[in-house]
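Subject: Structure handover

Hello,

Here is the structure I said I would pass on. Please look through it first; my notes follow below.

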Amino acid sequence: MTDAPILVTGATGYVGGRLVPALLAAGYRVRAVARSLDKLACRPFASHPNIELAQADSLDLPAMRAAAAGCSAAYYLVHSMHPGNRDFAATDREAAMVMARAADDAGLARILYLGGLGRDDDAALSHHLKSRHEVGKILRYGRVPVTELRAAMILGSGSASFEIMRYLVDRLPAMIAPRWVQNRCQPIAISDVVGYLVGCLAEPRTTGQILDIGGPDVLPYGDIFAIYAEEAGLPRRRIIPVPVLTPRLSTYWLQLVTPLPRSLIVPLVEGLRNEVICHDNRILELVPRARLTTREAVRLALDKVRQHAVETTCTDAGDAAPPEWAGCGDAPYAGGALYECGYRATIGADTTRTWEALTRIGGDTGWYYGNVLWRIRGLLDQLAGGVGLGRVTIRRGTLRVGDPLDFWRVAALDEGKRLVLLAEMRTPGDALLEFRLAPAGSDATEIVVHSKFLPRGLAGLVYWYALLIPHNLVFAGLLRGLAKAMGAPLVSPPVRFTPHRPAACSLPRSR
């Protein structure tokens, strides 16, 4: 084992967030890299004595070169399939070229990459799987040897594939499905994926190899759904395969049933038309391990969901950095007028208690006021291909930078003082929602809710003014509802304030 650190890109993603602790437990030094240092610093592994945190965008060659300097090997776990990216394949190509160049320049001994199963000679291979294979090819263009592991459906609490299945089977006693439901798949538990990734690093014979990884079962998707229903204690679901429902058409109703964005659902569902099983079983001899069966993997994932012990989710990946325009004076630089709306109130409770209540907002708690309006907005967002309100979120007692929160993401957090949420819903512009707390006497807290919106074109202006009255109702109601939920009095009721910039709320001032 080398003393040089192992670089892990995508360290705040679903697989990366589980791989880093596994490498640390195996005795490796790890350099975890992500776009946001604040987001990395909030991860449980950030305080480990053998961890280094590095900030780099996967498209920034100088930053990636600096992150890789001094490392012995790198895990490449970057994927650009997220809301807002219209061409994930093009972005993934560019990022892979940057990684290959950075690895060459840093003199790494090897790259380990997690891709997708599927035969290279399959002319009908989905766009997503073709992109996964293409990334592997680009990485191999460099001088650094690449170990590419190819997996199919990953079964684990919080994985995209598992969550799509979970919401489908939980919510639909019967479902009409395209013919892909009869296709065979070789799912693999997330613990086995991580085990193979760690094991390949210690096995020099895997260097430069493309290796299929999968669990011990080869099953049609319908049988996997049936196993899930049994383990979840649900009646067997009736699945009716029809020839006219294509995977692409399936994504439209999947948007309504599952809490995942269309940008994630479409490529995954289109990939279901391909049979994804292991044709190369060399990994069983190179890195022997007792693999979990499909039933065992589903049971373990459900146990973690019930116990609220989910380590990472598919929604963890995302840009948590506040945009430049959010700071004072940045709107002209960003190329447009910034529209703002703010309310303040004083609650008869100290800041610690108020902060605890505030950071429970969203998810099962709701938004303290107008939850029907929030749900309607979430449904409209899902219909537009956005993330909606119900996506998978880990609540660990408090929020962390980078956490997804309904259709927001935590962009900044100053414990007990400030919480900034970055909008990830579909809007014709960019939006932030900020909460600020300050002591207002011995046992009172002033709380401010402040929205900022940078519109894109005429549609953005129409959107802002169409929601101006609802925003005023919801923000004032949110502050009242927060106090009510706390059982605390309102020392002073919600009052709208006008931020220093022009073009803020134009309704008459509250009295």
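In this predicted model, helix H1 (residues 16-25) is largely enclosed by the rest of the structure, because seven of its 10 residues are buried. Those seven are Gly16, Gly17, Arg18, Leu19, Val20, Leu23 and Leu24. What do the buried residues of H1 pack against? Their partners are four strands, E1 (6-9), E2 (30-34), E3 (51-55) and E4 (73-76), together with helix H7 (190-202). After H1 comes Gly27, with a positive phi near 100°.

Two residues other than glycine also have a positive phi. Tyr368 has a value near 65° and sits in the loop between helix H14 (351-358) and helix H15 (371-383). Its relative accessibility is 15%, below the 20% cut-off, so Tyr368 counts as buried. Asp406, with a phi of about 55°, belongs to the loop between strand E15 (404-405) and strand E16 (408-414). Asp406 is buried as well, at a relative accessible area of 5%.

Next, a pair of helices. The axes of H16 (residues 457-466) and H17 (residues 468-486) come within 4 Å and cross at roughly 45°, which means that H16 is oblique to H17. On the H16 side the contact involves Trp464, Tyr465 and Ala466, and on the H17 side Leu468, Pro470 and His471. By type, five of these residues are nonpolar, one is polar and none is charged.

Both helices also contribute to the largest nonpolar core, which has 43 residues. Which of its residues touch the most other members? They are Ile347, Trp367, Trp408, Leu419, Leu421, Leu433 and Phe435. Besides H16 and H17, the elements giving two or more residues to this core are H14, E16 and the strands E14 (339-347), E17 (418-423), E18 (429-439) and E19 (445-455). H17 gives the most, with nine residues.

Leu421 can serve as an example from this core. Leaving aside neighbours within four places in sequence, Leu421 is in contact with Trp367, Leu405, Trp408, Arg409, Val410, Ala411, Ala431, Leu432, Leu433 and Phe435. Another core, of 41 residues, lies apart from this one, and its members include Ala160, Phe162, Val298 and Cys314.

Regards

How values were computed
Residues numbered from 1 in each chain as written. Predicted model: local features only at pLDDT ≥ 70, side-chain atom pairs only at ≥ 80, totals over all residues. Heavy atoms only, no water. Buried < 20%, exposed > 50% of the residue type's maximum accessible area, 1.4 Å probe, protein only. Contact = heavy atoms within 4.5 Å. Axes fitted to C-alpha atoms, helices over the stretch in contact; angles between N-to-C directions. Parallel < 35°, antiparallel > 145°, perpendicular 65-115°, else oblique. Nonpolar A, V, L, I, M, F, W, Y, C, P; charged D, E, K, R; others polar. Core = buried A, V, L, I, M, F, W, Y, C linked by side-chain atoms within 4.5 Å.
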